[in-house]
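Colleague: Hi, have you got a moment to walk me through this model? I'd like to go through it piece by piece.

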There are 2 protein chains.
Amino acid sequence: MTLSREQVVAGAYSVLQEQGLGGLSMRRVAQHLGVQPGALYYHVPSKQELLAEIASRILAGAPGPTDDPRRAARDLRSALLGARDGAEVVSFVHAFRPDALTTLATLPALFGGLAPREATWAARALVHYVLGFVAEEQNHAELVRLGVLAEDTSDADEAFEFGIGAITTGAAGPR
Amino acid sequence: MTLSREQVVAGAYSVLQEQGLGGLSMRRVAQHLGVQPGALYYHVPSKQELLAEIASRILAGAPGPTDDPRRAARDLRSALLGARDGAEVVSFVHAFRPDALTTLATLPALFGGLAPREATWAARALVHYVLGFVAEEQNHAELVRLGVLAEDTSDADEAFEFGIGAITTGAAGPR
DNA sequence: ACCTGAACACCGTTCAAGT
DNA sequence: ACCTGAACACCGTTCAAGT
């Protein structure tokens, strides 16, 4: 029953759920797996690579098959909300290794009415918005959980919808 | 010539320019000032607080006086580009202490044609876009600087303009 | 009041040595 | 091949003791 890469990733994922991104250290993953920290490096080259693996799992299957950018944005949001600090993890990986997030590369194709470079700009705007929105959303939820912020019945869904509506129609229409 | 809060912030700012956010540690700031790490805590309560101070300096005077959301977005971008890793620093502070960035709180007023809550949604979309866009822009520049990415003559200005155009007109018009 | 010295409780990563 | 033990070079923060 020797360790595998799968188990390391799974262990890291569950530490993420329990402790959040701030509590996700290689040493804690090792502890969670009952192994010494050095052992992880036999299966994974670095913490960054491990996070990239986790990020692509968070986004696995999102967006689903669709040709509607709004639906794609909603899929992305649900996927991010599915993991603790999901948006923060994906943003981090998106920053230093954008190519690891293959699922995001498909977005420009959804802006069929636009010239190619405009379609990539529209997709980037949408991704920045979704990542920023959900990061703020999850961060806020965390602060509420810690009691440092009051529970506010924010219209998160409505606010999110407003933003993707603005970006998608604004990108398509005249500016 | 005893140390002051100003000097600590200034020291941190210049470490930021020289080393980037990843190299900005309390110990390095202390070293830069020729002092022991513990001395900093007499003038600043924590690293987070220090970063908040830096972030508000990065945004100082941005956006300038204007009633055009597009112009405000451009001002924000220039201000962020004015400091190494500026977008990353401001994003970080925006996440855990949004109230420290008073300048961003004025943005909803620029969407005069909208109902109040829609104006705040529009402002949030714009901020997420600007922060995400510039963070990617600066990160990319950094990777080029390190030689890990090829120098690409990207139409950054044009791409940025496309995004703010989409968001502002999309927010104003029918969705 | 302000700073030093030294510690506490952590990090990511490497690598000889064991099995 | 896979893991341990132990180290290296770091962190942020605290706090007695000095001046």
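Colleague: Let's start with the DNA. Which elements each supply at least two residues of the surface near DNA strand D?

Modeller: Happy to help, and bear in mind that this is a predicted model. For DNA strand D, the elements are α3 (37-40) of chain A together with α2 (26-33) of chain B. Of these, α2(B) gives the most to that surface, with three residues.

Colleague: And which residues come nearest to DNA strand D?

Modeller: There are 18 residues around DNA strand D, and the nearest are A:Leu3, A:Gln36, A:His43, B:Arg27 and B:Tyr41. Of the atoms of strand D that come within 4 Å of the protein, sugar and phosphate account for 63%.

Colleague: What does the side chain of B:Arg27 approach on strand D?

Modeller: A base nitrogen: an N or O atom in the side chain of B:Arg27 is 2.6 Å from a base nitrogen of DNA strand D. The backbone of strand D has partners too. An N or O atom in the B:Lys47 side chain is 3.0 Å from a phosphate oxygen, and one in the side chain of A:Thr2 is 3.2 Å from a sugar or linking oxygen.

Colleague: How does the surface near strand D divide into nonpolar, polar and charged residues?

Modeller: Near DNA strand D there are seven nonpolar, seven polar and four charged residues.

Colleague: OK, over to DNA strand C. Which residues are closest there?

Modeller: A:Arg27, A:Tyr41, B:Leu3, B:Gln36 and B:His43 are the closest of the 18 residues that surround DNA strand C. Sugar and phosphate make up 63% of the strand C atoms that come within 4 Å of the protein.

Colleague: Which atom of B:Gln36 lies 2.8 Å from a phosphate oxygen of strand C, backbone or side chain?

Modeller: Backbone: a polar backbone atom of B:Gln36 is 2.8 Å from a phosphate oxygen of DNA strand C. With A:Ser25 the side chain is involved, with an N or O atom 3.1 Å from a phosphate oxygen of strand C. B:Thr2 also uses its side chain, with an N or O atom 3.2 Å from a sugar or linking oxygen.

Colleague: And which elements give two or more residues to the surface near strand C?

Modeller: Those are α2 (26-33) of chain A together with α3 (37-40) of chain B. α2(A) gives the most, with three residues.

Colleague: Changing topic: what turn lays chain A on chain B?

Modeller: A turn of 180°, with a shift of 0.0 Å along the axis and an RMSD of 0.0 Å. The two copies are therefore related as by a two-fold rotation axis. In chain A, the C-alpha nearest that axis belongs to A:Gly170, 1.9 Å from it. Both copies use the same surface, as 100% of the contact residues of chain A recur in chain B.

Colleague: How much area is buried between the two chains?

Modeller: About 2,500 Å² is buried between chain A and chain B, and carbon and sulfur atoms give 65% of that. In terms of residues, 29 of chain A are in contact with 29 of chain B.

Colleague: How many salt bridges are there across that interface?

Modeller: Six salt bridges are found between chain A and chain B. One of them pairs the side chains of B:Glu136 and A:Arg124, at 4.0 Å from N to O. There are also ten residue pairs in polar contact between the chains.

Colleague: Which helices of chain A supply that side?

Modeller: α6 (86-96), α7 (116-145) and α8 (156-172) of chain A each supply at least two residues of the side that touches chain B. The largest share comes from α7(A), with twelve residues. By class, that side of chain A has 14 nonpolar, seven polar and eight charged residues.

Colleague: What about a salt bridge inside chain A, say the partner of A:Asp157?

Modeller: A:Asp157 pairs with A:Arg77, with the closest N and O atoms 3.0 Å apart. It links distant parts of the chain: A:Asp157 is in helix α8 and A:Arg77 in helix α5 (residues 69-81), 80 residues apart.

Colleague: Last one, on the backbone. Is the peptide bond from A:Ala62 to A:Pro63 cis or trans?

Modeller: That bond is cis, with omega near -5°. A:Pro63 sits in the loop between α4 (47-58) and α5 of chain A. In chain B, a cis peptide bond joins B:Ala62 and B:Pro63, with omega about 0°. Another backbone detail is A:Asp85, a residue other than glycine with a positive phi, near 55°; A:Asp85 is in the loop between α5 and α6 of chain A.

Definitions and conventions:
Residues are numbered from 1 along each chain as its sequence is written. Chains are lettered from A and ligands numbered from 1 in the order in which they are written. This is a predicted model: local features need pLDDT of at least 70, side-chain atom pairs count only at pLDDT 80 or more; totals for chains, interfaces and linings use all residues. Side-chain values use heavy atoms; hydrogens and water are left out. Copies are superposed by least squares on the C-alpha atoms of residues with pLDDT of at least 70 in both. Contact means heavy atoms within 4.5 Å. Buried area is the accessible area (1.4 Å probe) that two parts lose on being put together, summed over both. A polar contact is a pair of N or O atoms within 3.5 Å; within protein, one must be able to donate a hydrogen and the other to accept it, and residues adjacent in sequence count only if both atoms are side-chain atoms. Helices (H or I, at least four residues) and strands (E, at least two) are DSSP runs, numbered from the N terminus. Ala, Val, Leu, Ile, Met, Phe, Trp, Tyr, Cys and Pro count as nonpolar, Asp, Glu, Lys and Arg as charged, and the others, Gly among them, as polar. A residue is near a molecule or strand if one of its heavy atoms lies within 4 Å of it.
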